[in-house]
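Me: I've got a protein model open and I'm new to this. Can we go through it together, one question at a time?

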Amino acid sequence: MATRGASRLDWCLRRVGASGDWLLLEAGTQVTIGRGLDLTYQLVSKTCPLMISRKHCVFQQNAEGQWTVKDNKSLNGVWLNKQRLDPSKAYPITEGDRIQLGVPLENKETAEYEYEVIKEEWDKIRPFLAQRNDQGKAKSLKTKRKFSMEASETCESEGPSNSRSKRDRVSCDSEPLGKPWGRVEEAKQLMEKMDVKQPSPGPSEEDRGPLCSSPVYSEKAVPVPHKDQKGSGLAQSWTGLEMLRKTLLNIMKLKVKVQEKQTAVLNVKQKRRKCAQKEILAMEQELQELQDQLCVEQEHQQQQVEELKRTFSEEHQKLEGAKWQHGEETLKEQLAQVLQEHRALMEELSRSKKDFEEIIRAKNKELEETKEEKEKVRAQKEEVLNQMNEVLENELQCTICSEHFIEAVTLNCAHSFCSYCINEWTKRKVECPICRQEIKSKTRSLVLDNCIDRMVEKLDVEMKEHRLTLIRERKGERETECVGETSCGQ
């Protein structure tokens, strides 16, 4: 960061209600904000992680040097002075403006991330600035290198069988996600075909020692040739079963999250029917992300089942001809339990999917009903406008000029005409054009003029211009007549 003078003023976003986490708007740079990684400032909400999008908004200077803010098609929007911004459109900001990222949660009046645009000296704002996210890239690169080195050492220690399983795991990624149950059934059939018994995780009865729960063999288990290699293979089988059990627990947790989201959708349906469409879209996106996580967990489980299948086949080949008395029944029971848990979980997921589809169908029905109501309101408005046009054409027209009244005048016989039209008529006859009664009085009708002016405002532009043209023409003719009378009198 360049060195700043003591008197230089910098733009900054001061977080409302907090004494820190201010965001600096450094001149000549583009400031990106969101929950993603490759951004200037990373905001991760503790109460609602999905409130801030991956790349929520962008701050940059325009050609004139003024700072602007742009909503990068975020889910919960960017608000400038309580007004939501249109996506992908830059809006200029000035000192004192309020910028809100996301919306307030329930039972809260303000959003979690609300800022005020200020312009202050560098020394005053420096202690309160938040750390830039792009400064931590070097640390993340070192961490990635460390993890890659540890992974390579693990691969070397596990031997060629583990590297072969990794190659097989890569080949499994291209298969569809709906096959984990079939892989488990194949593993079960493979266990039933095994003629030999596999060793238990602890020592045998010949040693007369207590059973051990650790998956690592004792060196004095059974005097069989190459016992270290067989023990390590069976330990891998136990490790695979434990990993499979952990995966099932993760899937159960995700299922609970899906149920909570479905309950939230039902609550939104009951409490906020007016804004149901936006809330449903947000809930649908969150549920979609949870379902994606479930798919990832199922894929991981499928890979573990493939690893177990290969491990069991290797153990069957290594231990063929030997008679083990312990271990086979325990492994079969554990595998049967895992299969039963997996079957129950898949049934729960299918039921949850059906419930979610029913909710979506109900919401679609509500949206269709809302569209029908809007169409009805539109039809009523059109009917009112048509009736207003009929009233203007039939009741508020002068019978002399066939135009809407201009400076309406009511005669003693209660008939109304334009002031200009009745004056021209009385030059020839002093009687009503409709009922032929003698004209004794003329009264200006301001009520008719005001009513016609308000109704004409709602007509199209062509009708308005035609009426203004008539008013100017009649005013000009009246002024000409006044000038002519004045010259005659002189």
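Reply: Sure! Keep in mind that this is a predicted model. In the protein there are 14 strands, and the helices number 10.

Me: What share of the residues counts as buried?
Reply: Buried here means under 20% relative accessible area. The protein has 490 residues. The share of them that counts as buried is 34%.

Me: In which order do the strands of the open six-stranded sheet lie?
Reply: The pairing in this sheet is antiparallel. β2 (23-25) and β8 (83-84) stand at its edges, so each has a single partner strand and one side left without a neighbour in the sheet. Reading across, the order is β2-β1-β11-β10-β7-β8.

Me: Which residue in β8 is the bridge partner of W79?
Reply: Strand β7 covers residues 78-80 and runs antiparallel to β8. Two bridges join β7 to β8. For W79, the bridge partner in β8 is R84.

Me: How many residues of strand β6 are buried?
Reply: β6 spans residues 67-71, five residues in total. The strand is described as mostly covered. The number of buried residues in β6 is four.

Me: Which residue in β9 is the bridge partner of T68?
Reply: T68 sits in β6, where it stands opposite Q60. On the β5 side, β5 (residues 57-61) and β6 pair antiparallel over five bridges. β6 is also joined to strand β9 (residues 90-92), again antiparallel, by three bridges. In β9, T68 has as its bridge partner P92.

Me: Which residue in the hairpin of β5 and β6 takes a positive phi?
Reply: This hairpin has five residues between its strands. The phi in question is near 90°. The residue that takes it is G65.

Me: Which strand gives the most residues to the largest nonpolar core?
Reply: That core has 31 residues, and those with the most contacts inside it are L13, I33, F59, I93, I99 and L101. The top contributing strand covers residues 113-121 and gives four residues. That strand is β11.

Me: How many residues are in the second, separate core?
Reply: Among its members are M388, A408, F417 and V456. Its residue count is 20.

Me: What percentage of the contacts with a separation of 6 or more comes from residues 24 or more positions apart?
Reply: Contact means heavy atoms within 4.5 Å. I99 gives a feel for it: leaving aside neighbours within four places in sequence, its contacts include L13, F59 and V117. Across the protein, the percentage from residues 24 or more positions apart is 59%.

Note on methods. Residues numbered from 1 in each chain as written. Predicted model: local features only at pLDDT ≥ 70, side-chain atom pairs only at ≥ 80, totals over all residues. Heavy atoms only, no water. Pairing = 2+ DSSP bridges. Buried < 20%, exposed > 50% of the residue type's maximum accessible area, 1.4 Å probe, protein only. Core = buried A, V, L, I, M, F, W, Y, C linked by side-chain atoms within 4.5 Å.
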